[in-house]
Amino acid sequence: MLKKAVVALGIVLILQSFFALCLVSALQLLVLRNTPFGVTGASPVVNAVASKVSLDTRSYADESAVMEAIGQSKLYGAYLPGQASDTLIVVPAKSFFGRVELEAGFEDAAKKLDRPLTVKAVKPLPKYDRLGGVSGLLLIPLLIGGYLAAVLLLKATRTAAAPWHVAMLVGYSAAGALLTDLIAGPGIGAYSNSHFWPLLPCFILIAASVSLAAAAFQRLLGPAGTLAVATLFIIVGGSAAGGVGITLLPDYWQHLGAVFPPQHAITLVRNVIYFNGNNITTPLIVLGLYALAGGIVIGYLGRWRPVKRVGAAAPADASDTTDTPPAQAAGPKTAVRVLVALAIAAVMQCLFTVNYMSSAHEPVATDMPFGTVGPSPLLTATQRNLSLKVSQYPDVQAAKDAIDQAEIYGALIPGQASNTLLVVPTQSDLAPLDLAANFEIAAKKLGQPLSVQQYAPHPLAKKDPFGLVVSLMLVPLLVGGYMASTMLRTVTGSATGRRRLTALLGFSVLAGLAVNLVVGPWLQGYPLEKFWIVWPILSLIVAVVALVAAVLQKLLGAAGTLVTVIVVMLFGNPSSGGANGVPYLPAFWTDIGPFLPPRNAYILLRNTIYFDGHGTTQALVVLLAYLAVPAIALALLDRFRTPEIPVTRETEAEATALAIPVGGLP
């Protein structure tokens, strides 16, 4: 039993570390790489930018040809040299971060070369999708909904992908797609209602490609098929999906992502929403092939080979390989189980749609903590467009001290000759951009000079220029925590035990070290001088989730895993604030975040790395409470030998499968 427990936790440790490696390496350094970029003539400005930024320049005859290429979703931007001045065209719908990098690079080069430059945005992002994240957010419920449908259908029928599963999974894909479309579109308003019908067949295709492929893998590989799909489609494919813009991914992630459905799904959805359905042939073919291949595998093996009964006794006559007739297989009890299973998958898909979309599709700051050293008309003008919670400070040093204490996201220092705006990149990836843009607009209207400066007690790591790494590594920590508890329950057949608490705490220490080694020394995702203080924090986060899951599993059985997923990933992760920061969350998510582990984990980790531990008291107290209470509960439950909910490896393996993928793409 001990050997099995060690092996099970070792598998979780490897998966968790691999998850962290994939997410962080794919998204930590968002820079343009071989980015398709149009030009209508030679320019020293383009040459200067191309020497620093990787551009795949393509020549066009004139502006009309450029605009046609942009409409076909072929370019991320274009440069049009002119006699008196030049024009830079950016395409925010292709990539928000790509636009930021292109504007910064070309404006700097034009200024140095004394070349007048006008920036023109084509295909701008609407307010309800101001970061262009809706396509990535839509991928989460569709990907996980299709995956869960295949897993739960296997549980309900105890049959590994019989031929009639094809119709059921396609039917579920259609129903789940319709629910996601209704919630995200008319319900939440993440895209205009005019896109409802064009997106519906896209959603069906995406969900079907995942569900049918997952069922095929289960039929071919048995229990390992579920793990294979979660690893390939969600951990690897999800990391390489390119929601931020495919060309901002490292080259190897661009090529690897092209093999799996997620990247094509995001391209399909984005091009339907913002590019009138142009350039979607390849995504349609790839997704269609996944769905078709999955259906063929299921149908062929189901017709010519015995249907694998999961957990059923072997036939009395081993030579009898006749398939179970559909009518017999789908008896009344089985039909009820199937409906319940698919209903659970649909509920989870709806929750992922509602929670992730409502919390992140329109990040607009509300009462952002901000400091000022004296009154200024600039501040008053800026507050008309940006919600700030302003604190007055007597001098510049006091304002900087407040930044050092992680209390404010920026500060205005009025002056007679010029005004200075301090922005804090370690607090938020988005706030510095919003503050700079709004104050610059106000300064231009009022005719006042303004200088924007970055200030932080500790600068961001060179390989984390947008401050994304902390939020990226949080997801594998959370997932690894409840996976460890579930796997341990699976192999031991019990939710308690004399060594269970010790095993989970020991795993947490090792898991914290493993993730720390991957993100720190290997990927250099944060300043390495913080290595030794980061390790115990990572271990604490894993332990908190693992012990909470263990208690819920003891009280609720396999359903405890599902409840943990709902609490931690469906409500905790969306309310963490992430790299954007808490001020960018809607009111509901702002209010519940302090009571759940993910936000406290994020604040403790970020403030320890970049703010010398200031502002972490509440977060640390909450996490320690989440650690202590479940630990005491587990000890008491074991001591008094409370009744044990029956544990079967089959059911627990399915619960583990449910736990694997729900990491929520950042």
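Is aspartate 434 buried or exposed? In this predicted model, aspartate 434 has a relative accessibility of 9% and therefore counts as buried, the cut-off for that class being under 20%. The residue is also a partner in a salt bridge, and the description below begins with interactions of that kind before turning to the packing of helices.

A search of the whole structure finds 7 salt bridges. One of the side-chain pairs joined in this way is arginine 130 with aspartate 434, at a nitrogen-to-oxygen distance of 2.7 Å. Arginine 130 belongs to the loop that runs between strand 5 (117-121) and helix 5 (134-157), whereas aspartate 434 is part of helix 16 (residues 431-446), so the pair ties together parts that are 304 residues apart in sequence. In contrast to its buried partner, arginine 130 is partly exposed, with a relative accessibility of 23%.

Another salt bridge is formed by the side chains of aspartate 108 and lysine 112, with 3.4 Å from N to O. Both residues lie in helix 4 (residues 96-112), and because they are 4 residues apart there, about one helical turn separates them. The relative accessibility of aspartate 108 is 35%, which places this residue in the partly exposed class. Lysine 112, at 60%, counts as exposed.

Arginine 58 and aspartate 56 likewise meet through their side chains in a salt bridge, the N to O distance being 3.1 Å. Here both partners are partly exposed: arginine 58 has a relative accessible area of 31%, and aspartate 56 has a relative accessibility of 30%.

Packing between helices was examined for two pairs. In the pair made by helix 5 and helix 10 (residues 261-274), the axes are 9 Å apart and the packing angle is about 125 degrees. Helix 5 is therefore oblique to helix 10, and the crossing of the two is right-handed. On the side of helix 5, the contact involves Ser135, Gly136, Leu138, Leu139 and Leu143; on the side of helix 10, these residues meet Pro262, Ala265, Ile266, Val269 and Arg270. Sorted by class, this contact contains 7 nonpolar, 2 polar and 1 charged residues.

The second pair consists of helix 17 (residues 469-492) and helix 19 (residues 531-556), whose axes come within 8 Å and cross at roughly 40 degrees. This angle makes helix 17 oblique to helix 19. Helix 17 passes helix 19 in a right-handed crossing. The residues that helix 17 brings to the contact include Met473, Leu474, Leu477, Leu478 and Gly481, together with Tyr482, Ser485, Thr486 and Arg489. Facing them in helix 19 are Leu538, Ile541, Val542, Val545, Ala546, Ala549, Ala550 and Gln553. The contact of helix 17 with helix 19 comprises 12 nonpolar, 4 polar and 1 charged residues.

A further residue considered was aspartate 591, which is found in helix 21 (residues 587-592). With a relative accessible area of 51%, aspartate 591 is exposed, since that class begins over 50%. Its C-alpha atom is separated by 8.4 Å from that of serine 575, a residue 16 positions away along the chain.

Definitions and conventions:
Residues are numbered from 1 along each chain as its sequence is written. This is a predicted model: local features need pLDDT of at least 70, side-chain atom pairs count only at pLDDT 80 or more; totals for chains, interfaces and linings use all residues. Side-chain values use heavy atoms; hydrogens and water are left out. A salt bridge is a side-chain nitrogen of Lys or Arg within 4 Å of a carboxyl oxygen of Asp or Glu. Buried means under 20% relative accessible area, exposed over 50%, partly exposed in between (1.4 Å probe, protein chains only). Axes are lines fitted to C-alpha atoms, for helices over the stretch in contact, and angles run from 0 to 180 degrees between N-to-C directions. Angles under 35 degrees count as roughly parallel, over 145 as roughly antiparallel, 65 to 115 as roughly perpendicular and the rest as oblique. A crossing is left-handed if the near helix is turned anticlockwise from the far one by less than a right angle, and right-handed if clockwise. Contact means heavy atoms within 4.5 Å. Ala, Val, Leu, Ile, Met, Phe, Trp, Tyr, Cys and Pro count as nonpolar, Asp, Glu, Lys and Arg as charged, and the others, Gly among them, as polar.
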